[in-house]
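Student: I would like to take a close look at a single part of this structure. Could you please guide me through one sheet, its strands and what packs against it?

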Amino acid sequence: GGGGGGAAAPQRQAAALVADTSRAGRVTPLHELGQMPWHAGVAVAGSKAMACSVLSALSTDPNSGFAAPTGAVLPFGSMEQAAHALGHAERLNFLVDALESVQTRPEEVASVCGELQDLVRQLRPSHEQLAALADPFAHDPGAKVMVRSTGNAEDLAGLSAAGLYDSISNVAPGNPEVLGSAVAEVWASLYTPRAVASRAAAGVGQRGAHMAVLVQQMLVPDVSFILMTRHPMTNDPNTAYAELALGHGETLASGAVRGTPWRVSMNRSNPGESQVHTYSSFGTALVPDMDGDGTLKSVAVNCAGHWLSTDDGARGQLAARLVHAGGFVESTLGSVDGGALLAQDIEGCLTPDGQLWVVQARPQP
């Protein structure tokens, strides 16, 4: 999400709704997923998880200019496996079939979606799966994680899924009840009326839609950003564009907080040269609640007094770092199929220790 409109660029072409469920229930660390060929990894866990695994590998290159959070994924087919374990598989299949037959009638779609979501929210990964999802974070007793959607109906040609499926913030991975509930909530977001309508509009069948779950280290940002490597309003490939806000990136992604972000254009040919179009007017920022119960809390902030507003030099340094990291990501992820380089829509943050993080990248709309 974020960044405005602009003419549509060619999306990475993939066969519609491929899902390899052979790894269902086998929690896969990101570094292991990243060792698979691109299309094989996408078939197992979706393009978002595969992109995150590549980002994780890229971040180990000292020239990348960014870090990427660690994590693990629960692959496609795991939700259906959990339904089978509880004796709900037949009902799940019946309701998904019903969606196909009523998808031109919004009221009936909403009713079936409600039933589907109620059913899926009752499902849970096994104790062994929850333990494996929590394992990458066992060394840090205070760690919190993001429980993120990674579907096979995301970022296909003609279907932009940005903001369409749920991700749950600030989850304590060592609490199986909270982690299991968050996984079920992400699974259930496959069947919101909006998600169903989006797939129907794109000519994508409901039966083929699958959801994997990505669990990643949660960051506590000073500044969050959405970066477009090609300017979305002018389509100039030599000018990058970023929107920035204090605190958690949900402020930018959801559009639910009143106010405007910092909006900055950056010259890719002369890193550090940037133009501020708007200064942030957000009066609040979202930060993790210490309970790790899947919620964020809103705190008052003074954007006018922040260095992004007051220090041209520091802002220019950040602009140069964003241009560098964006170019590094684009040069790798933008051409995974060996075709033309695709501009990238990149989400990330700057933490209080000055580290730049990239948490997600997808082809720019």
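Tutor: What follows is an account of one sheet, its central region and its surroundings.

Please keep in mind that the model is predicted. The sheet to examine is an open one of 6 strands, in the order β9-β8-β7-β6-β12-β13, and its pairing is antiparallel. At the edges stand β9 (274-278) and β13 (356-363); each has a single partner strand, so one side of each is left without a neighbour in the sheet. On average, and with direction ignored, neighbouring strands here are turned by 20 degrees against each other.

Let us now consider strand β7, which comprises residues 239-246. Are its residues buried or exposed? The strand is mostly covered, for 8 of its 8 residues are buried. Both faces take part in this. On one side lie Thr239, Tyr241, Glu243 and Ala245, and on the other lie Ala240, Ala242, Leu244 and Leu246; all of these are buried.

Which strands pair with β7? One is β6 (residues 223-228), which runs antiparallel to β7 and is joined to it by 6 bridges. As an example from this pairing, Phe225 has Leu244 of β7 as its bridge partner. The other is β8 (residues 262-267), which also pairs with β7 in the antiparallel sense, over 6 bridges. Here Ala240 stands opposite Met266 of β8.

We may continue from β6 to the next strand in the order. Strand β12 (residues 344-350) is joined to β6 by 6 bridges, and the two run antiparallel. Within this pairing, Leu227 is found opposite Ile346 of β12. A helix, α11, packs on the sheet and touches β6, β7, β8, β9, β12 and β13; the direction of α11 makes about 135 degrees with that of β12.

A residue from a loop also belongs in this picture. His306 lies in the loop between β11 (296-300) and α10 (307-310). Why is His306 called buried? Its relative accessible area is 11%, and buried means under 20%, so His306 meets that criterion. With residues up to four places away in sequence not counted, His306 touches Asp222, Val223, Leu246 and Trp262. Of these, Leu246 is one of the buried residues of β7 described above. The side chain of His306 also makes a polar contact with the side chain of Asp222, at 3.3 Å.

Finally, helix α11 leads us beyond the sheet. In general, two packed helices are described by the angle between their axes and the distance between the axes. Helix α11 (residues 312-333) packs with helix α2 at an angle of about 150 degrees, and their axes are 11 Å apart. The crossing of α2 past α11 is right-handed. From α2, the residues Trp38, Ala51, Val54, Leu55 and Leu58 make the contact, and from α11, Phe328, Val329, Thr332 and Leu333 do so. These residues divide into 8 nonpolar, 1 polar and no charged.

Helix α2 (residues 38-58) in turn lies across β2, β3 (145-151) and β5 (211-217), running at about 130 degrees to β3. Those strands belong to another open sheet, of 5 strands in the order β1-β2-β5-β3-β4, with antiparallel pairing. To summarise, α11 packs on the sheet we examined and also against α2, while α2 lies across strands β2, β3 and β5.

Terms used. Residues are numbered from 1 along each chain as its sequence is written. This is a predicted model: local features need pLDDT of at least 70, side-chain atom pairs count only at pLDDT 80 or more; totals for chains, interfaces and linings use all residues. Side-chain values use heavy atoms; hydrogens and water are left out. Buried means under 20% relative accessible area, exposed over 50%, partly exposed in between (1.4 Å probe, protein chains only). Helices (H or I, at least four residues) and strands (E, at least two) are DSSP runs, numbered from the N terminus. Two strands pair if DSSP finds at least two bridges between them. Contact means heavy atoms within 4.5 Å. Axes are lines fitted to C-alpha atoms, for helices over the stretch in contact, and angles run from 0 to 180 degrees between N-to-C directions. A crossing is left-handed if the near helix is turned anticlockwise from the far one by less than a right angle, and right-handed if clockwise. Ala, Val, Leu, Ile, Met, Phe, Trp, Tyr, Cys and Pro count as nonpolar, Asp, Glu, Lys and Arg as charged, and the others, Gly among them, as polar. A polar contact is a pair of N or O atoms within 3.5 Å; within protein, one must be able to donate a hydrogen and the other to accept it, and residues adjacent in sequence count only if both atoms are side-chain atoms.
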